Amino acid sequence: MNTALKELVQYKRLYLLTLVLGIGGSFQYGIQVSMMASAAEHVQTFVNETWVERYEVPVDESTNMLIWSFVVSVFSLGAWAGAIHSGSLPVTHGRKKALLFNNVVAVVAALLMVFSRMARSFEMILLARFLYGYNVGLGLSVHLMYVGECAPKKRRGFLTLTASIFIAAGKVTGQIIAIRELLGSESMWPYLLASSGIPAVLQFVSLLFFPESPRYLYIDKGDTEASKTALHWLWQEADLKLELDDMKGERESMQGQEAKTVLDVLRSRCVRWQLLALAIPCAGVQFCGNNALYFYAFDIFREAGVAEDKMHYLSIGIGATEFVTILLCSLVIERAGRKKLMGYGYLLMGVTMSILIITLSIKDLYSWIPYVNISLIFTVMCIYGLGPSGVSMALPADLFLQAWRPSAYVCSGTINWVGLFLIGMLFPYIVDGIGQFCFLIFVAYCIFSSLFMLYFVPETKGKSMIEIAEDFKKLNFKNRHTEKKNYILQTQF
């Protein structure tokens, strides 16, 4: 206990930076995902009222649904644009300035939301949703880069995992403030949709008091003294030789080369297995069924006989369950490691959803089965929070060296946001077509990701970036001994 308290005091500034990064980074993702369900009815009513004022006829149902679907899906398109820029803005201007700019985007989006009703313009809502998406896509990637580069290797897993904690906290917050008693009423919905402006202002002001990423200062900018000063301020540690030597070795190996492009990441053999580990179990986490269960939960609640006005409160319980289990994951990730938590987590999710498919198929046979279905949803959320959710944020920070990291996060963000867009747009149609058997898609993904993680991805806990790169060398250049000698230089350009 004394050791833990000592480390808490020593790294208090680093933990405070993590809090600031989370508030304006991944927290925004969670709150945007969860609040829209409550605003759906009010936004669609506003669209109809605006349409009548302009054209003197009510909007037909199909057009109204199309506009609403675009309000929801344009967020993912904006997030994709933000993820693409996460490969250039943080490299050109630094992690800190990229986030400061990103907060301005969120504030502009919040103002558009507030004044949309006054201006009688649903187009302002569409633009604001796109900007919110951009804010989340850029903010999530830079958040992970920033905190991963500031963390010592013994704390890197825990600190990058906090991104999942803030996502879950954002989901719960969005669900709570969206209840009718708070901001979910007909008169308050513009303020509900503008609420993301508050975390943006908090992060903008707070970041002014924190240093730039030490690894960015040393490796990208070559400013040794500024990097050392930033490290000392964040870690409150006098002996920084090991960390500085690690950064020095990585910088020297770059030999003046520029940061790698997305095309370099996709084509280069020397990061092929890192890219696969990033794409399949991490960025592809959208295909594990977590968000689909959020979409499907209300139907299952309805089958269980839960009253319509009580469903929203039960959904808060699902968000709270995910939040608590991610907190538990943060306590064990440095002991259990990334490999086991994610690998066995996906396996258990696949098994649980297989059982859910069966119980959904026989839901009419016994009166108690719908309640079993609710229990299975909560079980899947528990497993997701304890494993895949947290590790999907922690593992990418381990996989790539400095020159490759920004472009790798562009690839990760592209897969993540395109995946969310596809789930949001196609899942309702898939449910209409094959019902509960839609979960077979997610079962297949979970089983495949589990096997891939357990059999092919090396454990990364407690290792330096160079050590992890050496582990992946065995996979990238298997049976190609003549190429191995050039591996370190190729990987660290």
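Reader: Rings of Phe, Tyr and Trp (for Trp, its six-membered ring) form a pair if their centres lie within 6.5 Å, and planes under 30 degrees apart count as stacked, over 60 as edge-to-face and the rest as tilted. How many aromatic pairs does the structure hold?

Author: This is a predicted model, in which local features need pLDDT of at least 70 and side-chain atom pairs count only at pLDDT 80 or more, while totals for chains, interfaces and linings use all residues. Residues are numbered from 1 along each chain as its sequence is written, and side-chain values use heavy atoms, with hydrogens and water left out. By the ring-centre criterion, the number of aromatic pairs is 12.

Reader: Are the rings of Trp51 and Tyr55 stacked, edge-to-face or tilted?

Author: Trp51 and Tyr55 both belong to helix H3 (residues 26-55), where they lie 4 residues apart, about one turn of the helix; helices here are DSSP runs of H or I with at least four residues, numbered from the N terminus, as are strands, which are runs of E with at least two. Because their ring centres are 4.9 Å apart and their planes stand at 55°, the pair is tilted.

Reader: Is Phe452 buried or exposed?

Author: Phe452 and Phe456 sit 4 residues apart in helix H23 (residues 439-456), about one helical turn. Buried means under 20% relative accessible area, exposed over 50% and partly exposed in between, with a 1.4 Å probe and protein chains only. Phe456, at 40%, is partly exposed, whereas Phe452, at 6%, is buried.

Reader: Which helix gives the largest share of the largest nonpolar core?

Author: A nonpolar core is a set of buried Ala, Val, Leu, Ile, Met, Phe, Trp, Tyr and Cys residues joined through side-chain atoms within 4.5 Å. The largest one has 74 residues, and those with the most contacts inside it are Leu17, Val43, Leu193, Leu207 and Trp417. Its largest share, 17 residues, comes from helix H7 (residues 122-150).

Reader: Which residues form one aromatic cluster with Trp417?

Author: With contact meaning heavy atoms within 4.5 Å, and with neighbours within four places in sequence left aside, the partners of Trp417 include Tyr29, Phe75, Ser76 and Val136. Ser76, placed in helix H4 (residues 61-85), is buried at 5% relative accessibility, and its contacts beyond four places in sequence are Trp417, Leu420 and Phe421. The residues that join Trp417 in one aromatic cluster are Tyr29 and Phe75.

Reader: Where is the kink in H17 centred?

Author: Helix H17 (residues 308-336) has 29 residues, and since the expected span is 1.5 Å times one less than the number of residues, it should span 42 Å, which agrees with the 41 Å between its end C-alpha atoms. Gly337, with a positive phi near 90°, follows H17. The bend at a residue is the angle between axes fitted to the seven residues ending there and the seven starting there, and the kink of about 35° in H17 is centred on Ser330.

Reader: What is the radius of gyration of the protein chain?

Author: The chain comes to 26 helices and 0 strands, and its C-alpha atoms fill a box of roughly 65 × 50 × 50 Å along the principal axes. The globule rule, 2.2 Å times the number of residues to the power 0.38, goes with a radius of gyration taken over C-alpha atoms. For 493 residues a compact globule would have a value near 23 Å, and this agrees with the chain's radius of gyration, 23 Å.
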